[in-house]
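Hi,

Here is the structure I promised to pass on. Have a look at it first, and then read my notes below.

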Amino acid sequence: MDCLTDKQITAAIESGQILSWPKIKRLGGISDYEEVSDVQVCMIDGVPFYILNVVSPEGEAAKIALNAVDGTQEVL
């Protein structure tokens, strides 16, 4: 899986290719989840996804991927 560097992520956000993590987090409806890992942007089938580990409000750990363009969730 190809992942972007922080510099590439910043450039992609500034150029409008992807949305910032706070916006995607709101679109994805996971604002009440606790982030427990660094947020990465990785390509899945040519589409950029934010990938990270989270803990739900109920205390369940999960690894999630949110589309970096529209916030739709993929199950990994």
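How many helices and strands does the chain have? There are two helices and five strands in the chain. Before you go further, please keep in mind that this is a predicted model. In sequence order the elements run α-α-β-β-β-β-β.

First, the overall picture. The C-alpha atoms of the chain fit a box of roughly 35 × 25 × 20 Å along the principal axes. The radius of gyration is 12 Å, which agrees with the value near 11 Å that a compact globule of 76 residues would have. Of those 76 residues, 30% count as buried. As for the surface, the chain exposes about 4,800 Å², and carbon and sulfur atoms supply 48% of that area.

If you care about electrostatics, the chain carries 5 positive and 12 negative charges, and their mean positions lie 8 Å apart. On contact order, take the contacts between residues at least 6 apart in sequence: 35% of these join residues at least 24 apart.

Now the strands. Which strands does β3 pair with? β3 (residues 47-55) pairs with β1 (residues 34-35), with β2 (residues 40-44) and with β4 (residues 61-67). Here is how each pairing looks:

- β1 with β3: the sense is antiparallel, over two bridges. Glu-35 sits opposite Val-54 of β3.
- β2 with β3: again antiparallel, over five bridges. Met-43 has Pro-48 in β3 as its bridge partner.
- β3 with β4: antiparallel too, over seven bridges. Phe-49 is bridged to Asn-67 of β4, and Ile-51 to Ala-65 of β4.

β4 goes on to pair with β5 (residues 73-75), in the antiparallel sense and over three bridges. There, Leu-66 has Gln-73 in β5 as its bridge partner. One general reminder for when you look at which way side chains point: in a regular strand they alternate between the two faces of the sheet.

The turns may be of use if you look at backbone torsions. β2 and β3 make a hairpin with two residues between them, and Asp-45 in that turn has a positive phi of about 50 degrees. The hairpin of β3 and β4 has five residues between the strands, with Gly-59 at a positive phi near 90 degrees. β4 and β5 form a hairpin as well, with five residues between them, and here Gly-71 in the turn shows a positive phi of about 85 degrees.

One residue outside the strands caught my eye. Ser-20 lies in the loop between α1 (6-14) and α2 (21-27). Is Ser-20 buried or exposed? Ser-20 has a relative accessible area of 18%, and the cut-off for buried is under 20%, so Ser-20 counts as buried. What is Ser-20 in contact with, leaving aside its neighbours within four places in sequence? The contacts of Ser-20 are then Ile-13 and Tyr-50. Ile-13 falls within the range of α1 (6-14), and Tyr-50 within that of β3 (residues 47-55).

That is what I have for now.

Best wishes

Conventions: Residues numbered from 1 in each chain as written. Predicted model: local features only at pLDDT ≥ 70, side-chain atom pairs only at ≥ 80, totals over all residues. Heavy atoms only, no water. Pairing = 2+ DSSP bridges. Helix = DSSP H or I, 4+ residues; strand = E, 2+ residues; numbered from the N terminus. Rg over C-alpha atoms; globule rule 2.2 N^0.38 Å. Buried < 20%, exposed > 50% of the residue type's maximum accessible area, 1.4 Å probe, protein only. Contact = heavy atoms within 4.5 Å. Areas by Shrake-Rupley, 256 points an atom, 1.4 Å probe, with all protein chains shown as cover. Lys, Arg positive; Asp, Glu negative; His and termini not counted. Charge placed at Lys NZ, Arg CZ, Asp CG, Glu CD.
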